[in-house]
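Notebook open, viewer open. I want to look up the helices, the sheet and the charged pairs, in that order.

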Amino acid sequence: MEQSDIIKAITTHPTIIIHRHIHPDFDAIGSQIALKKTLQQSFPEKNIFAVGCDAENLEWIGSMDVIEDDQYRDALVIVCDTAETKRISDQRYLLGKTLVKIDHHSDGGSYGDLSWVDPSYSSVCEMLADLFFSYLESFNLTIEAAAALYAGIMGDTGMLKNGMAGERTLRIVSQIKKFSFKPERIHRLMKKSGTDLSKWKQLVAYRAQVTEQGIASLRVTKDMLENLGLDSYEAAPLIHALVAYKPARIWVLFIEEDGKIRVRIRSKTVPVNEIAKKFGGGGHKLAAGALLSSLEEADQVVENLGEKRMR
């Protein structure tokens, strides 16, 4: 899909309502708020809203709007950073006239009248920044929007250190930083509101396994999730704890959910997306994922990654 299709949809709808996923992270909130602020500045005659459950630890990026159902009549609904419809925060997204999906995850379902999905981007914030800078005649970026974009990119790239940031990411970050917000303030707020990985250290230490090929893996069963008081999506940050506390070349997290096994793979040097594709998934070169039918397949994933590592 051409980016111009999204711009046309934006210009032809009087109301635009922006959604994102439940349990939001920096990229989800950042993309949502950046898009809202930019559209409000660029199209002051339109009604622009950002909706979803509140995330108190991320309200410094921006707060949500409370709107009635009738606001969705003839509205353009844009869903950011959400691979599957079941994870959209505020299921009223179906009430709009036109639905647009903007996402950088390749392992989700297809939905929307228009869909812009590109896993070559580190984050949806990077996608939006590229859109805004590529069409300066259509979009007027504000300081608030630039700060939100910066927070989202920093969040999904681990402060540009987790292998997700490419040359385009660095170029876009350089453009964003020309706006007069304070990056050091955002760094401080991100650290304060980010996930505390230390609470996972014991679980990683006792449960994770490392192969001779340098593949670190952790299997999280449904029973373990219940004992931790988490759902499968809330347990996703375990991959960061695994990377932080288990020295390896490749890290793999397996999470049991609804009869399936969600896989998250990370590496700093070895490409892993081709292995993810082999198991029906995909993603970025150094960060990929897949969905397995059983925990037995987890051994096959680790074995394939080990063979990849030895080549």
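How many of the 17 residues of α2 are buried? I get 14, so α2 is largely enclosed by the rest of the structure. Buried here means under 20% relative accessible area, exposed means over 50%, and partly exposed is in between, with a 1.4 Å probe and protein chains only. Helices (H or I, at least four residues) and strands (E, at least two) are DSSP runs, numbered from the N terminus.

Ground rules, before I go on. This is a predicted model, where local features need pLDDT of at least 70 and side-chain atom pairs count only at pLDDT 80 or more, while totals for chains, interfaces and linings use all residues. Residues are numbered from 1 along each chain as its sequence is written, and side-chain values use heavy atoms, with hydrogens and water left out.

**Helix α2, length check.** I compared the ends of α2 with the expected span, which is 1.5 Å times one less than the number of residues. The 17 residues should span 24 Å, and the end C-alpha atoms are 23 Å apart, which agrees.

**Helix α3.** I looked at burial along residues 124-134 and found ten of the eleven buried, so α3 is largely enclosed by the rest of the structure. Among the buried ones are the charged E126 and D130, along with M127, L128, F132 and F133.

**The sheet.** I traced five strands in the order β2-β1-β3-β4-β5, forming an open sheet with parallel pairing. Two strands pair if DSSP finds at least two bridges between them. β2 and β5 (114-117) stand at the edges with a single partner strand each, so one side of each has no neighbour in the sheet. Neighbouring strands are turned by 15° against each other on average, direction ignored. For angles, axes are lines fitted to C-alpha atoms (for helices over the stretch in contact), and values run from 0 to 180 degrees between N-to-C directions.

At the β5 edge I counted four bridges joining it to β4, the two running parallel. I102 has W116 in β5 as its bridge partner.

**What packs on the sheet?** Helix α1 (residues 3-12) does, touching β1 (15-19), β3, β4 and β5, and its direction makes about 135° with that of β5. Contact means heavy atoms within 4.5 Å. α3 lies across β3, β4 and β5, at about 110° to β4.

**Salt bridges.** My search of the whole structure gave nine. The criterion is a side-chain nitrogen of Lys or Arg within 4 Å of a carboxyl oxygen of Asp or Glu.

Which residue does K36 pair with? Its partner is D65, with the closest N and O atoms 3.0 Å apart. The pair links distant parts of the chain, from helix α2 (residues 26-42) to the loop between β2 (47-50) and β3 (76-80), 29 residues apart. K36 is buried at 8% relative accessibility, whereas D65 is partly exposed at 22%.

Next along α2, K37 bridges to E144, the closest N and O atoms being 3.9 Å apart. E144 sits in helix α4 (residues 143-156), 107 residues from K37. I get E144 as exposed at 51% and K37 as partly exposed at 22%.

E84 and R262 meet at 3.4 Å, N to O. This pair joins the loop between β3 and β4 (98-103) to strand β9 (residues 260-267), 178 residues apart. Buried or exposed? E84 counts as buried at 19%, and R262 is buried too, at 10%.

Last note: salt bridges with shared partners join D69, D90 and R92 into one network.
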